[in-house]
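This report describes a protein chain and its ligand, moving from the ligand shell to the core and then to selected loops. Please read it alongside the sequence and the coordinates shown here.

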Amino acid sequence: MPYKYVVKVASKGFDEASDLTPFSWASYLGDSGRGHEQFFRATRFQNSPEANNGPLQYGNKNKDSMWNLISKNPQFNDDFNAFMEASSGDRGFWVDWFPVQEHLLDGFTGGAEDVFLVDMAGGRGQDIKAFEAKFPNTPGRLILQERECMLDEAKLSGKIEKMGFDLFKPQQVKGAKVYYMKKILHDWTDSQCQEILQHIRSAMLKGYSKLIIEEFVMPEKDAPLLATLWDWNMLVFCSTMERTQTQWNQVLASAGFQVVKVWSPPGDSQSIIEAEMV
Ligand SMILES: C[S@@+](CC[C@H](N)C(=O)[O-])C[C@H]1O[C@@H](n2cnc3c(N)ncnc32)[C@H](O)[C@@H]1O
């Protein structure tokens, strides 16, 4: 049976850009690619408990986090964001398979002034744009939050609002129906996740607001290749990891959340963790 190839966001990146847009960001990581091996030899194969003292910093011989590196280099920033967009595009969007209507929209009791959805650290906004495209008549506001220096990256039309924010500061949007984040908590250690989650929890309404986390949920064994590669990336670049369901349960519980359900479509184990405050 002959293979059929379909052009998707990632493959278009090779074609359209003067460089290898979605993938070349990895080349900006300097010596870290080689550094991680030396790092682990030097630390006797122990991961660093500190986010900014891992293989990336060891290889680059400084204390810059991944996010500082990106902010300092516009081309790296562009390529990283293209990579994130491409990674989403190929998999399909959460709204294509998660029961948004039944589990989120039907429970929205607010009006036009109230916030339905906040996409926290949403990058160029591909996930909230996909939501708006699928549910154009949603009552309530849609907000894309990102680091102030990243806000110009998102090209939006329609009713999505942009807002600068910091994961480590109190969440300004109070009482939204949905707090969504994709591929954010995997960038941070357990104690940092706890801090991020506590800020979100303080803004939520008990019994009403939902936390929707889109991340890999690694199986305890026989993990799919893509998720395993991401796990390795997280280790090298952020001193973190992709988490199993047990690890997600622990991190969420540490900040006063309980998991309602883990939704895992067939495929590479990228899932939605639906959670609410205890
Ligand atoms: C791995 S990307 C995920 C982006 C998007 N959710 C996606 O899936 O494509 C992580 C995002 O976190 C943002 N970020 C990093 N540190 C942050 C901070 N302290 N406060 C807010 N956002 C931050 C970055 O700018 C980046 O867009």
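How do the residues of the shell around the ligand divide into nonpolar, polar and charged? The model examined here is predicted, and in it the shell consists of eight nonpolar, three polar and six charged residues. Of the 17 residues around the ligand, those that come nearest are Met 84, Ala 121, Gly 123, Leu 167 and Lys 182.

**Overall organisation**

The protein chain has 11 helices and eight strands. Of its 278 residues, 35% count as buried. Among contacts between residues at least 6 apart in sequence, 68% join residues at least 24 apart.

**Core and strands**

The largest nonpolar core has 50 residues. Leu 117, Val 118, Val 178, Tyr 179, Tyr 180 and Ile 213 have the most contacts inside this core. Beyond its neighbours within four places in sequence, Ile 213 is in contact with Met 181, Leu 185, Ile 272, Ile 273 and Ala 275.

Strand S1, residues 115-120, is mostly covered, with six of its six residues buried. S1 is joined to strand S2 (residues 141-146) by five bridges, and the two run parallel. Val 118 has Ile 143 as its bridge partner in S2.

**Helix H10**

Does the end-to-end distance of H10 agree or disagree with its expected span? The helix comprises 14 residues, 225-238, and at 1.5 Å a residue it should span 20 Å; because its end C-alpha atoms are 19 Å apart, the two values agree. The buried residues of H10 are Trp 230, Met 234, Leu 235, Val 236, Phe 237 and Cys 238. In general, an α-helix has 3.6 residues a turn, so residues three or four places apart point the same way. After H10 comes Ser 239, whose phi is positive, near 55°.

**Selected loop residues**

The loop between strand S4 (178-182) and helix H9 (190-203) holds His 186, and Lys 183 is also placed between S4 and H9. Beyond neighbours within four places in sequence, His 186 is in contact with Glu 215, Met 234, Thr 240 and Glu 242. One of these partners, Glu 242, lies 56 residues from His 186 along the chain, yet their C-alpha atoms are separated by 5.8 Å.

Lys 183 has a positive phi of about 50° although it is not a glycine. Another non-glycine residue with a positive phi is Lys 61, with a value near 55°; Lys 61 is placed in the loop between helix H4 (55-60) and helix H5 (66-72).

Gly 207 belongs to the loop between H9 and strand S5 (210-218). Gly 207 and Met 277 are 70 residues apart in sequence, while their C-alpha atoms are 7.6 Å apart in space.

The table lists the burial of these loop residues.

| Residue | Other C-beta atoms within 10 Å | Class |
|---|---|---|
| Lys 183 | 20 C-beta atoms | buried |
| His 186 | 19 C-beta atoms | partly exposed |
| Lys 61 | 11 C-beta atoms | exposed |
| Gly 207 | 8 C-beta atoms | exposed |

Why is Lys 183 classed as buried? A residue is buried if 20 or more other C-beta atoms lie within 10 Å of its own, and Lys 183 is therefore buried, with 20 such atoms. His 186, by contrast, has 19 other C-beta atoms within 10 Å and so is partly exposed.

Conventions:
Residues numbered from 1 in each chain as written. Predicted model: local features only at pLDDT ≥ 70, side-chain atom pairs only at ≥ 80, totals over all residues. Helix = DSSP H or I, 4+ residues; strand = E, 2+ residues; numbered from the N terminus. Expected span 1.5 Å × (residues − 1). Buried ≥ 20, exposed ≤ 12 C-beta atoms within 10 Å, placed from the backbone. Contact = placed C-beta atoms within 7 Å. Near = placed C-beta within 6 Å. Nonpolar A, V, L, I, M, F, W, Y, C, P; charged D, E, K, R; others polar. Core = buried A, V, L, I, M, F, W, Y, C linked by C-beta atoms within 7 Å. Pairing = 2+ DSSP bridges.
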